[in-house]
Amino acid sequence: MSIKINEFEIENVKRVKAVAYEPSQSGLTIIGGKNGQGKTSVLDSIAWALGGNRFAPSQPQRDGSTIPPHLCIKLSNGIIVERRGKNSDLKVIDPSGNKGGQALLDSFIDQLALNLPRFMNADNKEKADTLLKIIGVGDELYKLEDEEQRLYNERRYIGQIADRKKKYAAEMAEYPDVPDEPVSAAELIRQQQEILARNGKNERIRRQRAQIESEYINAREALQRAQLAFEEAERRYNTSVKSAEELIDESTEELERNIRNIEALNVKIRANLDKSKAEDEAKQYSNQYNELTIKIEQVRDKRMALLDNANLPLEGLSVEDKELTYKGYKWDNMSGSEQLKVATAIVRKLNPNCGFVLMDKLEQMDLDTLNEFNDWLKAEGLQVIATRVSTGDECSLIITDGYAATSDNPVTAEPDAAPKTWEKGKF
């Protein structure tokens, strides 16, 4: 069972003249009153009694009082804590009557429960570290976050290069209908020489045809003398005529033009090759970017799984970029009531044996939010003693000029009853 405050008695501390009360064991006990009446002095007194001299006010004795401060706190585990006398010496007595000291109180009372602003005013990383310390995943989570950040930075760098490569490739000139590789002048000359050689052969065949034709004429004139020779010559003639007619001379005009324009052609070809290379590089960097995106998502999944499996003190709490978040919002974007709820949950989790939290300036919560907060505290079995600038029915106890309200006030008419609120039976 976590330890709660059963009763507190305070005399002559700061603005308090005399206040005694039995707070509710779970939920809210609201100390109300106007400004300057002693509400915060009650919380400071409780903190001093339980937390030791580190919480002692610089001027603890009430102005105008000749009687030294007196503090008495009765805890639910039977321990009685008292400060009395000129030096406000501490006396701690356990249920067996044995005396103890501050070390006994420190063993089950969390310092942040007495000084909630210390947590709320810490920087974002300190808040996150406190939560991760509770659930025991801080080192592993930060390693994953660092890895995610490294991959993110690398991906951003790769993405910037990919964008530049893509833009550079898009701006480069491109020429259609040209060869894929640069053209060699020697190769064009070689092709030209081959064509000229074939054309020379054709010319020889043409000359041969003329010779055969001459022989044919001679043979025809000597037909009577050499019929057989004529027939042979005729056969050869017909064959040669057919072969010559099938021959087609090749033009070297395009090759000659290419030789003349070879450098301009190669400029275009090289431009196409450079563009293709640039596009390939852009594609490679884009692929690297996509691969890094997958790795980042994998690291994020591991980080989320780590937090999902942790025993968090409040549903919706998490850590993002080494900062505490609640329902997706960082601390400075949370409402004041959400900050108080988060802080209370974390402080409770830090030391489950400490079942109470002191809370100042609860006026930032409206009545509906107070109701919701109170319901949550009751479900958690947590006791909160808080102050609020108000004299309304939501107050369990009203301080006026350093005194608790008289018994004529219905709020405190029944000392043993649960504190009265603005909704009957609410808390």
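Start by selecting strand 11, residues 356-359: both of its faces are covered, with Phe356 and Leu358 buried on one side and Val357 and Met359 buried on the other. Here, buried means under 20% relative accessible area, exposed means over 50%, and partly exposed lies in between (1.4 Å probe, protein chains only). Strands (E, at least two residues) and helices (H or I, at least four) are DSSP runs, numbered from the N terminus.

Before moving on, note that this is a predicted model, in which local features need pLDDT of at least 70 and side-chain atom pairs count only at pLDDT 80 or more, while totals for chains, interfaces and linings use all residues. Residues are numbered from 1 along each chain as its sequence is written, and side-chain values use heavy atoms, with hydrogens and water left out.

**Stop 1: the partner of strand 11**

Add strand 12, residues 383-389, to your selection. Strand 11 and strand 12 run parallel and are joined by four bridges; two strands pair if DSSP finds at least two bridges between them. Look for Phe356, which stands opposite Gln383.

**Stop 2: the sheet of strands 8, 9 and 10**

Now show strands 8, 9 and 10, which form an open sheet in the order 8-9-10 with antiparallel pairing. Strand 8 (317-320) and strand 10 (329-330) are the edges, each with a single partner strand, so one side of each has no neighbour in the sheet. Between strand 8 and strand 9 (residues 323-326) there are four bridges, and Ser318 sits opposite Thr325.

Next, bring in the helices. Helix 5 (residues 124-135) packs on the sheet and touches strand 8 and strand 9, its direction making about 75° with that of strand 9. Helix 11 also packs on the sheet, touching strand 8 and strand 9, at about 115° to the direction of strand 9. Contact means heavy atoms within 4.5 Å. Axes are lines fitted to C-alpha atoms, for helices over the stretch in contact, and angles run from 0 to 180 degrees between N-to-C directions.

**Stop 3: two loops**

What is the phi of Asp321, in the loop between strand 8 and strand 9? Phi is near 55°, a positive value in a residue other than glycine. Asp321 is exposed, with a relative accessible area of 54%. Then click on Lys327, in the loop between strand 9 and strand 10: its phi is positive too, about 55°, and Lys327 is exposed at 54%. Most residues other than glycine have a negative phi.

**Stop 4: helix 11 with helix 12**

Select helix 11 (residues 336-350) and helix 12 (residues 367-380), which pack at about 10° with axes 11 Å apart. The two are therefore roughly parallel, a label for angles under 35 degrees. Ser337, Lys341, Thr344, Ala345 and Arg348 of helix 11 meet Thr369, Phe373, Trp376, Leu377 and Glu380 of helix 12.

**Stop 5: the hairpin and the core**

Finish with strand 1 (residues 5-13) and strand 2 (residues 16-21), an antiparallel pair joined by five bridges. Phe8 has Tyr21 as its bridge partner in strand 2. Two residues lie between the strands of this hairpin, where Lys14 has a positive phi near 55°.

Phe8 also leads to the largest nonpolar core, of 82 residues, where Phe8, Ile46, Leu50 and Leu75 have the most contacts. A nonpolar core is a set of buried Ala, Val, Leu, Ile, Met, Phe, Trp, Tyr and Cys residues joined through side-chain atoms within 4.5 Å. Helix 1 (residues 39-51) gives the largest share, seven residues.

Key:
Parallel < 35°, antiparallel > 145°, perpendicular 65-115°, else oblique.
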